[in-house]
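Visitor: I would like to walk through this model and ask how each label is earned. Please give me the cut-offs as we go.

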Amino acid sequence: MLVVGFPTGALQANCYLLAAGEGEPCVIVDPGQDAEEAVAQALRKHRLSPVAVLLTHGHFDHAFSVTPVCDGNDIPAWIHPDDRDMLSDPLKGVSRETASFFGGRLEMREPSEVRELADGVALDLAGMGLLVDHTPGHTGGSVMFRAGTEEGGRLVLSGDTLFAGSIGRTDLPGGDHAAMLDSLRHKVLPLPDDTVVLPGHGPSSTIGRERAGNPFLHGLDDDRPAAPRRGM
């Protein structure tokens, strides 16, 4: 599997392109701020043909370029229905400070075609199988995408549910710390240790590394409470 990743925008949200290989169809995950040209360059460089955009959640730093990328390539966007409103109302999911930074205005619109994700659904896109895990906590509609097999390498695109050494914040509108702990306990910790984690911000990791060293995962598998996460 070919994975191309790069950070985008002021908040450095990771955008990824996944394909079976060079010159193949691909999916684009989380095209955030200023992602349109970077995506176009990656498509040209690797001779990829996009078939869909997948969104791990609706926050604008992950979805700001979804409409030009989708409509410019005549492809659909996939998002969980609980976060769909943010595609046309991006300030709905941000803090007051962030809204003030943009002067209370941040304009987006839905792509021409939007399809909705559901927990446990297996997507067959670009010749790849992708499994959807609904992981509310950071937002109500946060999801992770799992790909690969034991023989060919496993990976999870974790969005802002899991980072290297941390987790997504739960104090924004739509966040829920109890739901986050439940998602980590039931959707993240059961994954095999060799699963590569491609997060929404920061460097990659593995489930094994996070199980051993991520303080926000400690105690979850034996039901001891964890402290709330308040950073990015």
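Guide: What follows is a run of short questions, each settled by setting a value against a definition.

Visitor: What kind of model is this, and how are residues numbered?

Guide: This is a predicted model, in which local features need pLDDT of at least 70 and side-chain atom pairs count only at pLDDT 80 or more, while totals for chains, interfaces and linings use all residues. Residues are numbered from 1 along each chain as its sequence is written, and side-chain values use heavy atoms, with hydrogens and water left out.

Visitor: How many helices and strands does the protein chain have?

Guide: The protein chain has 6 helices and 14 strands. Both are DSSP runs, numbered from the N terminus: helices are H or I with at least four residues, strands are E with at least two.

Visitor: What makes the protein chain as compact as a globular protein of that length?

Guide: Its radius of gyration is 17 Å, close to the 17 Å that the globule rule gives for 232 residues, so the label holds. The radius is taken over C-alpha atoms, and the rule is 2.2 Å times the number of residues to the power 0.38. Along the principal axes, the C-alpha atoms fill a box of roughly 50 × 50 × 25 Å.

Visitor: How much of the chain counts as buried?

Guide: Of the 232 residues, 53% do. Buried means under 20% relative accessible area, exposed over 50%, and partly exposed in between, using a 1.4 Å probe and protein chains only.

Visitor: Which strands form the open sheet, and in what order?

Guide: The order is 1-2-3-4-5-6, with mixed pairing. Strand 1 (2-8) and strand 6 (114-116) are called edges because each has a single partner strand, which leaves one side of each without a neighbour in the sheet. From one strand to the next, the twist averages 25°.

Visitor: What makes strand 5 and strand 6 a pair?

Guide: Two strands pair if DSSP finds at least two bridges between them. Strand 5 (residues 77-79) and strand 6 run parallel and are joined by 3 bridges, so the definition is met. One bridge partnership is that of Ile-79 with Glu-116 in strand 6.

Visitor: Which strands does helix 1 touch?

Guide: Helix 1 (residues 36-46) packs on the sheet against strand 1, strand 2 (13-19), strand 3 (25-29) and strand 4 (49-54). Contact means heavy atoms within 4.5 Å. The direction of helix 1 makes about 155° with that of strand 1. Such angles run from 0 to 180 degrees between N-to-C directions, with axes fitted to C-alpha atoms, for helices over the stretch in contact. Helix 3 (residues 66-73) lies across strand 3, strand 4 and strand 5, at about 145° to strand 4.

Visitor: Why is Cys-26 not bonded to Cys-15?

Guide: A disulfide is a pair of cysteine sulfur atoms within 2.5 Å. The sulfur of Cys-26 is 9.6 Å from that of Cys-15, its closest, so the gap is too far for a bond. The disulfide count is 0. Cys-15 is buried, at a relative accessible area of 0%. Cys-26 is also buried, at 0%.

Visitor: What makes Ala-126 stand out by its phi?

Guide: Most residues other than glycine have a negative phi. Ala-126 has a positive one, near 55°. It sits in the turn of a hairpin formed by strand 7 and strand 8, with 2 residues between them. Those strands pair in the antiparallel sense over 4 bridges. At 13% relative accessibility, Ala-126 counts as buried.

Visitor: Is Arg-47 buried or exposed?

Guide: Arg-47 counts as exposed, at 54% relative accessibility. Arg-47 lies in the loop between helix 1 and strand 4, and its phi is also positive, near 55°.

Visitor: How do you know that Asn-214 is buried, and what does its side chain reach?

Guide: Its relative accessible area is 0%, so Asn-214 is buried. Its side chain reaches the backbone nitrogen of Phe-216 at 3.0 Å and the backbone oxygen of Phe-163 at 3.5 Å. A polar contact is a pair of N or O atoms within 3.5 Å; within protein, one must be able to donate a hydrogen and the other to accept it, and residues adjacent in sequence count only if both atoms are side-chain atoms.
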